[in-house]
Amino acid sequence: MRITHSAHRLADSAHTSRPWRIHEIAPDFRLEDVWELPGKGGPGDFARLVRVISSFDPSHGSSRLSNALFALRWKLGELLGWDDPRRGVGARVPTLRDRLPADLRGAPSGPEFEAAPFEWVYVTDDECAAEIANQTVHGVMHVGAIPDDAGGFRAQMAVLVKPNGPLGAAYMAAIRPFRHSIVYPPLMRDAARAWNAATGGAPDPYALVAR
């Protein structure tokens, strides 16, 4: 049987009901959406998931249409100056690392991102957060591990945003349908392949027959 995974959006409460550290660090950010990530991890596997996230490149995935949208976004950013370093973390906006409590400030970070333009805010044994900023938005990707009865976990990703004025609000509204219908379905399939490769090709117990 061919196993695939489609993007599965979760209710906001799947994120807000959990005692994640990000709530105290970014209370002024809006929760954009929450997604179930493919795959299941075992004890100690969250660090492996962090490494997979660091090496993942969503702009060069299996979907030509999604890749084209990323390429268009990078080109617009180049032409309009959206992605100028002066618009980024530590320039237009201070890094969220400045808000970390003492126990997280000295904690180890994740490996440097290889392709995606994110920077780690913090990494713990069961959650991580990375930030991105440009002329349109200051955003956070949060990934948390939900324990299961077998001692393992499943993971979910939340996207939190702080749009930069009317431009940022309009931008987020414009890209929302493309993110949901074009970007995230192939992104989740590619994430499932990356996770299976990282775990030795083990079958994904949370994968679903195409739905």
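Is Y171 buried or exposed? Hold that thought for a moment while I set the scene.

This is a predicted model, where local features need pLDDT of at least 70, side-chain atom pairs count only at pLDDT 80 or more, and totals for chains, interfaces and linings use all residues. Residues are numbered from 1 along each chain as its sequence is written, and side-chain values use heavy atoms, with hydrogens and water left out.

First, confidence. pLDDT is the predictor's confidence in each residue, from 0 to 100. The protein chain has a mean pLDDT of 90, and 91% of its residues reach 70 or more. Residues 1-5 fall below 50, and that stretch has 16 contacts in the model beyond near neighbours in sequence. A contact means heavy atoms within 4.5 Å. Residues 202-211 also stay under 50, with 27 contacts beyond four places in sequence.

Now back to Y171. Y171 counts as buried because its relative accessibility is 18%. The cut-offs are these: buried is under 20% relative accessible area, exposed is over 50%, and partly exposed is in between, with a 1.4 Å probe and protein chains only. Y171 sits in helix α6, residues 165-198. Helices here are DSSP runs of H or I with at least four residues, strands are runs of E with at least two, and both are numbered from the N terminus. Leaving out residues up to four places away in sequence, Y171 touches R73, W82 and T136. Its C-alpha atom is 8.6 Å from that of V137, and the two residues are 34 apart along the chain.

Stay in α6 for M172. M172 is buried, at 5% relative accessible area. Beyond its neighbours within four places in sequence, M172 is in contact with R30, E32, V137, V161 and P163. Compare that with A198: M172 and A198 are 26 residues apart in sequence, yet 32 Å apart in space, C-alpha to C-alpha.

Next, strand β2, residues 30-41. Why call β2 largely enclosed by the rest of the structure? Because 10 of its 12 residues are buried. β2 has pairing partners, too. Two strands pair if DSSP finds at least two bridges between them. Strand β1, residues 8-10, runs antiparallel to β2 and is joined to it by three bridges. One of the facing pairs is R9 with W35 in β2. Strand β6, residues 153-163, also pairs with β2 in the antiparallel sense, over eight bridges. There, K40 stands opposite R154 in β6.

On to charges. Side chains of opposite charge can pair when their charged atoms come close. We call it a salt bridge when a side-chain nitrogen of Lys or Arg is within 4 Å of a carboxyl oxygen of Asp or Glu. How many salt bridges does the structure hold? The count is 14. Here are three of them.

One is R21 with D103, where the closest N and O atoms are 3.0 Å apart. This pair links distant parts of the chain: R21 is in the loop between α1 (13-16) and α2 (22-25), D103 is in helix α5 (residues 102-105), and they are 82 residues apart. R21 is partly exposed, at 22% relative accessible area.

Another is E32 with R176, with closest N and O atoms 2.6 Å apart. Again distant parts of the chain are linked, with E32 in β2, R176 in α6, and their positions 144 residues apart. E32 counts as buried at 7% relative accessibility, while R176 counts as partly exposed at 29%. Both belong to a network of salt bridges that links R30, E32, D33, R176 and R179.

The last is K40 with D148, with closest N and O atoms 2.9 Å apart. K40 is in β2, D148 is in the loop between β5 (137-147) and β6, and the two are 108 residues apart. K40 is partly exposed at 29% relative accessibility, whereas D148 is buried at 18%.

Two more helices. In α3, residues 46-55, the buried residues are F46, L49, V50, V52, I53 and S54. Their cover includes β3 (119-123), β4 (127-133), β5, β6 and α6.

Then there is L80, in helix α4, residues 64-80. L80 counts as exposed, at 53% relative accessibility. Together, L72, L76, L79 and L80 make a nonpolar surface patch of about 400 Å². For such a patch, residues need over 30% relative accessible area and no salt bridge; nonpolar side chains (Val, Leu, Ile, Met, Phe, Trp, Tyr) are joined within 5 Å, and like charges within 9 Å. Accessible areas come from the Shrake-Rupley method with a 1.4 Å probe, and for residues only the protein chains shown count as cover.
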